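Please read the following report alongside the sequence and the coordinates. The text moves from a central strand to the packing around it.

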Amino acid sequence: MNVLFVCSRNQWRSPTGEEVWRKTPGVEVRSAGTSRNARRRMTLVDIRWADLILVMEEKHKSRIRAEFRDEVRFKALHVLDIPDDYAFMDPELVEIIREKTAPLILGDACMG
């Protein structure tokens, strides 16, 4: 499964999501940002590559839908509702990301 984590500037939240899942067998991960100032800006190639797109806030979903409307029409796109209150690999952020993304990435089996 190819998972794309998205936040605004690709500095803290989405790279943390990428790092948390990096070594999971069967899961490929990338991270990107929606802002023009992003460390790594999201591209059409990223959208096409992803099986699952996990965004941190509703505004990221809106921006993706506005910019890549046709490409995301049939993509799994989920809002994690994680505010921009954390630094890269903050232990609390890591825990929140694991809790919110494991059911989406691994399915319900991981929760049993």
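What follows describes strand pairing, a helix, the nonpolar cores and some local backbone features.

The model is predicted, so local features need pLDDT of at least 70 and side-chain atom pairs count only at pLDDT 80 or more, whereas totals for chains, interfaces and linings use all residues. Residues are numbered from 1 along each chain as its sequence is written, and side-chain values use heavy atoms, with hydrogens and water left out.

**Strand S1 and its partners**

Helices (H or I, at least four residues) and strands (E, at least two) are DSSP runs, numbered from the N terminus. Buried means under 20% relative accessible area, exposed over 50% and partly exposed in between, with a 1.4 Å probe and protein chains only. Six of the six residues of S1 are buried, so this strand is largely enclosed by the rest of the structure. In a regular strand the side chains alternate between the two faces of the sheet. In S1, Asn 2, Leu 4 and Val 6 point one way, while Val 3, Phe 5 and Cys 7 point the other way.

Two strands pair if DSSP finds at least two bridges between them. S1 runs parallel to S2, to which six bridges join it, and S1 also pairs with S3 in the parallel sense over four bridges. The table lists residues of S1 with their opposite numbers.

| Residue in S1 | Partner | Partner strand |
|---|---|---|
| Leu 4 | Arg 30 | S2 |
| Leu 4 | Ile 53 | S3 |
| Val 6 | Ala 32 | S2 |

The chain crosses from S1 through H1 to S2 in a right-handed β-α-β crossover, a term that applies if, with the strands pointing away from the viewer, the path from the first strand over the helix to the second runs clockwise.

**Helix H1**

Eight of the nine residues of H1 are buried, and these pack against S1, strand S2 (28-33), helix H3 (58-67) and H5. One of the buried residues is Thr 16, which has 0% relative accessibility. Taking contact as heavy atoms within 4.5 Å, and not counting residues up to four places away in sequence, Thr 16 touches Ala 87, Phe 88, Met 89, Leu 93, Val 94 and Ile 97.

**Nonpolar cores**

A nonpolar core is a set of buried Ala, Val, Leu, Ile, Met, Phe, Trp, Tyr and Cys residues joined through side-chain atoms within 4.5 Å. The largest one has 19 residues, of which Val 3, Phe 5, Trp 21, Leu 54, Ile 82 and Ile 105 touch the most other members. Strand S1 (2-7), helix H1 (13-21), strand S3 (52-55) and helix H5 (91-106) each supply at least two residues of this core, and the largest share, six residues, comes from H5. A second, separate core of 13 residues includes Val 6, Val 55, Val 72 and Leu 77.

**Local features**

Which residue lies over the face of Trp 49? Arg 30 does, at 4.1 Å from the ring centre; a charge sits over a ring if NZ of Lys or CZ of Arg is within 6 Å of the ring centre and within 35 degrees of the ring normal.

Most residues other than glycine have a negative phi, and most peptide bonds are trans. Asn 10, in the loop between S1 and H1, has a positive phi of about 55° and is buried, with a relative accessible area of 0%. Met 89, in the loop between strand S4 (76-79) and H5, has a positive phi near 60°, but Met 89 is partly exposed, with a relative accessible area of 33%.
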